[in-house]
Amino acid sequence: MFSPKSNVRASQKATANTETITFYESVPARAMTLLPEQVQRFNREGFIRPLDALSDEEIGHARTYFESLLDRMQAMRDGRNSYALDGYHLRCRGIWEMARHPRILDYVEDLLGPDFVCWSTHYFCKLGRDPKRVPWHQDATYWPVRPTMTVTVWLAIDDVDGTNSPLRFIPGSHRRGAIEYIRAEGQTVLSQEVEDAERFGEPVANVLQAGQISIHTSTLLHGSEPNSSNRRRCGLALRYIPSSCGSVPGAERVLNIGIPCRGNLGRWRRNEPPIGDDLTPLHRHYRD
């Protein structure tokens, strides 16, 4: 299974394919759900938040569903941790359906236009007292999709405030192209780290209520600290890209893993929704 943020080998500085990493502005006049001013803010800062997405009833179901997946995965006792629910959208019906939630797609369409797919999903679940941090990074330096037009919808499964390790953004950093990184050290969730990232600006905490979303571009610097609280902080990252985009040479298989969302699919494969929830493929990988 393709893993958008696998432990790629990082050199002392940024690796190949970075010359094509850039930010593409959205068109404010196209917005139908967002206000034009919100699209302008997205272009200027690289993110927008908070946006209401799920009702109280829907987020209750979404939280129960995530917890059932996590419980089933942990019961397999194969070494997977709370971050391992990565890339299961073609295996788990509930993730597929969340990625196609009409209200979420309305926001995404305002930023990307009428033709797009969801090509990647990942639950980022920090349990209480989790010592792991997410180093400062740009998503685009991990991902083999080009042009770098992916937007990530970060859906809060739990309430997120300043005490339970909110995601942090550096406004405006998305306009700097590819930023050099090194291999991250210590207890980290991801392998790349941009050193002294706060030289690019003052971080903003992504405080959200459960059921709200933020949306950020793939060139934005972001990360999070260890969770020093007793409260869990879980969010579902849903990644969307215009279907006119493709992959870097040699990574064409990424075109096979998308969820059709709206409009023309372009070169992306038309996958059908999964029947239920299948957590066994990666279980076999970890077990073997």
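In this predicted model, the side chain of Arg 80 makes a polar contact with the side chain of Tyr 88, at 2.5 Å. A polar atom of the Arg 80 side chain also lies 3.4 Å from the backbone oxygen of Leu 279. Arg 80 itself belongs to the loop between helix H2 (56-75) and helix H3 (93-99). Despite this loop position, Arg 80 counts as buried, because its relative accessibility is 7%, below the 20% limit for that class. A sense of distance across the model comes from Leu 220, which is 140 residues from Arg 80 along the chain and has its C-alpha atom 28 Å from that of Arg 80.

The two helices that flank this loop also take part in an internal space. The structure holds two cavities of 30 Å³ or more, and the second largest has a volume of about 40 Å³. H2 and H3 each supply at least two residues of the lining of this second largest cavity. The lining is made up of Ala 62, Tyr 65, Gly 94, Met 98, Tyr 123, Leu 155, Ile 157 and Leu 236. By residue class, seven of the lining residues are nonpolar, one is polar and none is charged. The polar entry is Gly 94, because glycine is counted in the polar class here.

One of the lining residues of the second largest cavity is Leu 155, and strand E5 spans residues 151-156. E5 leads to strand E10, since the two strands pair in the antiparallel sense over five bridges. Within this pairing, Thr 152 stands opposite His 216 in E10. Strand E1 (residues 47-52) pairs with E10 as well, again in the antiparallel sense, over four bridges. Here Phe 47 stands opposite His 216. His 216 therefore has a partner residue in each of two pairings, Phe 47 and Thr 152.

What is the setting of E10 itself, exposed or enclosed? Six of the six residues of E10 (residues 212-217) are buried, so the strand is largely enclosed by the rest of the structure. In a regular strand the side chains alternate between the two faces of the sheet. In E10, Gln 212, Ser 214 and His 216 point one way, while Ile 213, Ile 215 and Thr 217 point the other way. Residues of both sets are buried.

Strand E1 brings the reader to the backbone geometry. Pro 50 is found in E1, and a cis peptide bond joins Arg 49 to Pro 50, with omega about -10 degrees. A cis peptide bond also runs from Arg 146 to Pro 147, with omega near -10 degrees. Pro 147 is placed in the loop between strand E4 (145-146) and E5.

Positive phi values in residues other than glycine provide another backbone feature. Arg 129 has a positive phi of about 65 degrees and lies in the loop between E2 and E3. Arg 129 counts as exposed, because its relative accessibility is 52%. Asp 196 has a positive phi near 50 degrees and is found in the loop between strand E8 (192-193) and strand E9 (204-205). Asp 196 likewise counts as exposed, at 56% relative accessibility.

The loop that holds Arg 129 also contains Leu 127, between strand E2 (116-126) and strand E3 (134-137). Leu 127 has a relative accessibility of 35% and so counts as partly exposed. Its C-alpha atom is 23 Å from that of Asp 278, a residue 151 positions away in sequence.

The cysteines remain to be considered. How many disulfides does a search of the whole structure find? The search finds zero. A disulfide is a covalent bond between the sulfur atoms of two cysteines. Two sulfur atoms have to be within 2.5 Å to count as such a pair. For Cys 245, the closest cysteine sulfur is in Cys 261, 14 Å away, which is too far for a bond. For Cys 261, the closest cysteine sulfur is in Cys 118, and the distance of 5.5 Å is again too far for a bond. Cys 245 is buried, with a relative accessible area of 1%, and Cys 261 also counts as buried, at 13% relative accessibility.

Conventions
Residues numbered from 1 in each chain as written. Predicted model: local features only at pLDDT ≥ 70, side-chain atom pairs only at ≥ 80, totals over all residues. Heavy atoms only, no water. Buried < 20%, exposed > 50% of the residue type's maximum accessible area, 1.4 Å probe, protein only. Polar contact = N/O pair within 3.5 Å; in protein donor to acceptor, adjacent residues only side chain to side chain. 1 Å grid on protein atoms, 1.4 Å probe; cavity = no way out; pocket = protein on both sides within 12 Å on 5 of 7 lines; lining within 4 Å. Points joined across faces, edges and corners; volume = space filled by probe spheres on them.
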